[in-house]
Amino acid sequence: MDYKFPVTRTTTPKAKPDPTKLGFGKYYTDHMFIMDYDEGEGWHDGRIVPYGPLSLDPAAVTLHYAQMSFEGMKAYLTPEGKVNLFRPDMNAKRLRNSNKRLCIPEIDEDLFVAAVKAIVDADRDWVPNVQGTSLYIRPFIISPEVSMAVHPATKYWFIIILSPVAAYYEGNDKELHGSKIWVEEGYIRAAVGGTGFAKCGGNYSCGMIASTEAQKQGCEEVLWLDAKEHKYVEEVGTSNAFFMIGDTVYTSSLTGSILPGVTRDSTIQLLKKWGYKVEERRILLSEVLDAAADGSLKEAWATGTACVISPIGLLKFRGTDYPINNGVVGDLSQKLYDTLYGMQTGIIEPEMEGWVVTM
Ligand code: COI
């Protein structure tokens, strides 16, 4: 289907930020996409309008019960001045799954991708052109419905905003570094049967207490353990976790409490193509710590749209430091980063067919 969305252009375009000082999530572009949902009518009236505040009743259901879902994607500038998206169909599928879990009406995958392309096209001159930067795309769904009753809303907004960004972990856009990661034993991120596999605000707000504690301990992020037994490793902060022990790369299987990351899937596919042994299974924290202690834990890294590949240089558990590869960024982490970011920015030929969408 060929979707067309009317565009109302801003009459007061903003000055663009210095692309060497972007940070993450500090600046927003001139326009946003918005589409309504009404029960009986479905999703309708997708349009591009000037970026600006939303008018929400204080009793809007999203504000109270967090009925919302979101996605994270990026657009990249190629050396030829074109704009690339990376596997947008995967985000479209994941949003549908998140919506199902949150009782939010699903959005057709074609419609989702068309909306993303339309808003990125409207603000394509905002895609930054400095090494390590990109235009972060944040599609999200909230409900403006006025209700204090706890039940699924009948009205929603699907909105897409754009933000020119540098690396999620400061400095990684210039040179990757090994992060210090705090192994969290008390708080949990998600339990099987809950919303861990969905992308929704509640999964992130509940983690803030642990990441704040981690930062107080001199670490950048948290390694989450499973909710039931607190002995299996699950995710790192807002990203998936990988461990190379001996000659095998391990990542947690998608148990229901793990987010099915697009970068996670891309990493697994690339590693298999390159001939590495990859195992998706539940991984005991003790396996990881024993391997760190005896030197067989060669590398560890986190994967995510925002953080791309973020190497882990050290795990901190019960007061003991477990350095990984002496805190030095491993060759495989670097190769994964260079390949993914290279493909995304069109600097290298895509290794996988259909992953890069040029517009
Ligand atoms: C992403 O990697 O896109 C995420 O959604 C993480 C985010 C919460 C910054």
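An oxygen atom of the ligand lies 2.6 Å from an N or O atom in the side chain of Y136. This is a predicted model. Two further residues also place polar atoms by the ligand. K199 does so with a polar side-chain atom, 2.6 Å from a ligand oxygen. T305 uses its backbone instead: an N or O atom there is 3.3 Å from an oxygen atom of the ligand. The protein covers 90% of the 280 Å² of accessible area that the ligand has on its own.

| Residue | Part of the residue | Distance to a ligand oxygen |
|---|---|---|
| Y136 | side-chain N or O atom | 2.6 Å |
| K199 | polar side-chain atom | 2.6 Å |
| T305 | backbone N or O atom | 3.3 Å |

**The shell**

The residues around the ligand are F70, G72, Y136, R138, Y168, K199, Y204, T238, T305 and A306. By type, the shell holds five nonpolar, three polar and two charged residues. The ligand takes up the space of the largest pocket.

**The two domains**

The chain is divided into two parts: domain 1 spans 31-165, and domain 2 spans 179-348. Where does the ligand lie with respect to domain 1 and domain 2? Both domains give residues to the shell, so the ligand lies between them. The centres of the two domains, taken over C-alpha atoms, are 26 Å apart. The domains also touch each other: 26 residues of domain 1 are in contact with 27 residues of domain 2.

Technical notes:
Residues numbered from 1 in each chain as written. Predicted model: local features only at pLDDT ≥ 70, side-chain atom pairs only at ≥ 80, totals over all residues. Heavy atoms only, no water. Near = heavy atom within 4 Å. Polar contact = N/O pair within 3.5 Å; in protein donor to acceptor, adjacent residues only side chain to side chain. Areas by Shrake-Rupley, 256 points an atom, 1.4 Å probe, with all protein chains shown as cover. 1 Å grid on protein atoms, 1.4 Å probe; cavity = no way out; pocket = protein on both sides within 12 Å on 5 of 7 lines; lining within 4 Å. Sits in = over half its atoms within 2 Å of the grid points. Nonpolar A, V, L, I, M, F, W, Y, C, P; charged D, E, K, R; others polar. Domains from an automatic or database assignment. Contact = heavy atoms within 4.5 Å.
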